[in-house]
Amino acid sequence: MTECLLCEKELSAKPSWKSLLALEEETFICQDCSKMFKRADTINEATILDGLISLYTYNEAMRDYLHQFKFLQDVALADVFASELHTVLKSKVNIVPIPMHPNKKVTRTFAHVEELLTSAQIPYMDILEKIDEESMGEKSKQERLAMSPLFRLKQHAVIRPETYLLIDDIYTTGTTLHHAARLLKEAGATKVE
């Protein structure tokens, strides 16, 4: 028997033909924990982004999950939303994760957004490099938007006149995504979502 990755309760596995034939998706959290995450609606906002989709709202359960995943370095939690991410992203191309600053990656030991994509079996382009290590948490939205660029393109990056899909773990003011979208569009991207 396996346990819920969040509350450690035993996951009840009911044998079925689907599970025997591997047609049933594997679950990593129990139904009680799963119910705490609230699905989000698409956010429509006039910005440099050409589209924005959020899978879940940022509630207490999501805050606790992200804390355990990112700051307590519980990398196994990348599997929790792998199925949903795979379903949403499997037909997309030019997927670009928002990168961590290299110093922060050393501290945290793994790049959490990349780990989510890897767990969901989604190929991505490693073309952005974070150049500003400052935390956004203490700044107002105006201060965040006025900051010098947060990213640069990696030396090998080639941006074609196509649509690119930025992926991040959390959306608050949108500043991080706006900085990355502006850079990609200036480099030649037609659309950035």
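These questions and answers cover a sheet and its helices in a predicted model.

Student: In which order do the 3 strands of the open sheet lie?

Tutor: The pairing in this sheet is parallel. Its edge strands are S1 (95–97) and S5 (191–192), each pairing on one side only. The order is S1-S4-S5.

Student: Over how many bridges do S1 and S4 pair?

Tutor: S4 covers residues 163–167, and it pairs with S1 in the parallel sense. Ile95 stands opposite Leu165 in S4. The count for S1 and S4 is 3 bridges.

Student: What angle does the direction of helix H6 make with that of S1?

Tutor: H6 spans residues 112–119 and packs on the sheet. It touches S1 and S4. Its direction makes an angle with that of S1 of about 140°.

Student: Which strands does helix H8 lie across?

Tutor: H8 comprises residues 175–186. It runs at about 155° to S4. The strands it lies across are S4 and S5.

Student: What distance separates the end C-alpha atoms of H8?

Tutor: H8 has 12 residues. At 1.5 Å a residue, they should span 16 Å. The model agrees, because the end C-alpha atoms are apart by 16 Å.

Student: How many of the 12 residues of H8 are buried?

Tutor: Buried means under 20% relative accessible area. Among the buried residues are Thr175, His178, His179 and Leu184. H8 is largely enclosed by the rest of the structure, because the buried count is 9 of the 12.

Student: Which residue with a positive phi follows H8?

Tutor: The phi of this residue is near 125°. The residue that follows H8 is Gly188.

Technical notes. Residues numbered from 1 in each chain as written. Predicted model: local features only at pLDDT ≥ 70, side-chain atom pairs only at ≥ 80, totals over all residues. Heavy atoms only, no water. Pairing = 2+ DSSP bridges. Helix = DSSP H or I, 4+ residues; strand = E, 2+ residues; numbered from the N terminus. Contact = heavy atoms within 4.5 Å. Axes fitted to C-alpha atoms, helices over the stretch in contact; angles between N-to-C directions. Expected span 1.5 Å × (residues − 1). Buried < 20%, exposed > 50% of the residue type's maximum accessible area, 1.4 Å probe, protein only.
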